[in-house]
Amino acid sequence: MVPVVFATDADTVVSIVDAKPKRSPRLQRLANVRHEPRVSLLVDRYDDDWRTLWWVRADGTAHVVETGPGHERATALLAGKYEQYRAERPDGPVLEIHVQAWRWWSFA
């Protein structure tokens, strides 16, 4: 499991390797996706008030996008969501996930 920032467009989820400090520029998550493209992304909300709990899981296939229109589209989606990326667009590899199944749960 790796925490990531992400943006969505219908059944596509994108995440990017940004300039935050990393142990190595050769990230294991990219190697994992290149070897096994089946992935899951889990987003949840926790609160001490359990009546507000929920989670969403996206299961799909991912690939690494280094350049081109797919990369530009992903950085635009992320810049639309995160102010930090509007100020300085990241240029690292993008993980693009094509979601085949959405699963979710909420307390309510």
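**Stop 1: Trp55 and its surroundings**

Begin by selecting Trp55, which is partly exposed, with a relative accessible area of 31%. Please keep in mind throughout that this is a predicted model. Trp55 belongs to strand 4, which covers residues 54-65. Now add Met1, Leu42, Tyr46, Trp50, Trp54, Trp105 and Phe107 to the selection: together with Trp55 they form a nonpolar patch on the surface. The accessible area of this patch is about 1,000 Å² in total.

**Stop 2: the whole chain**

Clear the selection and show the protein chain as a cartoon. Three helices and five strands should appear. Followed from the N terminus, the elements come in the order β-β-α-β-β-α-α-β. The C-alpha atoms fill a box of roughly 40 × 35 × 30 Å along the principal axes. The chain has 108 residues, of which 33% count as buried. It exposes about 7,700 Å², and carbon and sulfur atoms supply 55% of that area. Among contacts with a separation of 6 or more, 68% are between residues 24 or more positions apart.

**Stop 3: the sheet**

Colour the strands next. In what order do the five strands lie in the open sheet? The order is 1-2-5-4-3, and the pairing is antiparallel. At the edges stand strand 1 (7-9) and strand 3 (38-45); each has a single partner strand, so one side of each is left without a neighbour in the sheet. Neighbouring strands are turned by 35 degrees against each other on average, direction ignored. As background, strands of a sheet pair through backbone hydrogen bonds, either parallel or antiparallel.

Zoom in on strand 3 and strand 4, an antiparallel pair joined by eight bridges. Select Leu41 and then its bridge partner in strand 4, Ala58. A further pair to select is Val43 and Val56, the latter standing opposite in strand 4.

**Stop 4: two helices on the sheet**

Select residues 28-35, which make up helix 1. This helix packs on the sheet and touches strand 3, strand 4 and strand 5 (94-106). Its direction makes about 80 degrees with that of strand 4. Then select residues 69-81, helix 2, which also packs on the sheet. Helix 2 touches strand 1, strand 2, strand 4 and strand 5, and its direction makes about 85 degrees with that of strand 2.

**Stop 5: between strand 4 and strand 5**

Return to the sheet, where strand 4 and strand 5 pair in the antiparallel sense over twelve bridges. Select Ala62 and, opposite it in strand 5, Ile97. Move along strand 5 to Ala101. Is Ala101 buried or partly exposed? With a relative accessible area of 22%, Ala101 is partly exposed. Leaving aside neighbours within four places in sequence, Ala101 is in contact with Arg57, Ala58 and Asp59. Ala101 and Gly60 are 41 residues apart along the chain, yet their C-alpha atoms are separated by 6.7 Å.

**Stop 6: salt bridges**

The structure holds nine salt bridges. In general, side chains of opposite charge can pair when their charged atoms come close.

Select Asp59, which counts as buried at 13% relative accessibility. Asp59 forms a salt bridge with Arg57, with 2.9 Å between the closest N and O atoms. Arg57 is partly exposed, at 29% relative accessible area. Asp59 also takes part in a salt bridge with Arg103, where the closest N and O atoms are 2.6 Å apart. Arg103 lies in strand 5 and Asp59 in strand 4, so this pair ties together parts that are 44 residues apart in sequence. Arg103 is partly exposed as well, with a relative accessible area of 38%.

Select Asp18 and Lys20 next, whose side chains meet in a salt bridge of 2.4 Å, N to O. Asp18 counts as buried, at 12% relative accessibility, whereas Lys20 is partly exposed, at 46%.

**Stop 7: Thr12 and a network**

Finally, select Thr12 in strand 2 (residues 12-16). Why does Thr12 count as buried? Its relative accessibility is 12%, and buried means under 20%. Not counting residues up to four places away in sequence, Thr12 touches Ala7, Arg73, Glu96, Ile97 and His98. Keep Arg73 and Glu96 selected and add Asp9: these residues are linked in a network of salt bridges.

Methods
Residues numbered from 1 in each chain as written. Predicted model: local features only at pLDDT ≥ 70, side-chain atom pairs only at ≥ 80, totals over all residues. Heavy atoms only, no water. Patch = residues over 30% accessible without salt bridge, like charges linked within 9 Å, V, L, I, M, F, W, Y side chains within 5 Å. Areas by Shrake-Rupley, 256 points an atom, 1.4 Å probe, with all protein chains shown as cover. Salt bridge = Lys/Arg side-chain N within 4 Å of Asp/Glu carboxyl O. Helix = DSSP H or I, 4+ residues; strand = E, 2+ residues; numbered from the N terminus. Buried < 20%, exposed > 50% of the residue type's maximum accessible area, 1.4 Å probe, protein only. Contact = heavy atoms within 4.5 Å. Pairing = 2+ DSSP bridges. Axes fitted to C-alpha atoms, helices over the stretch in contact; angles between N-to-C directions.
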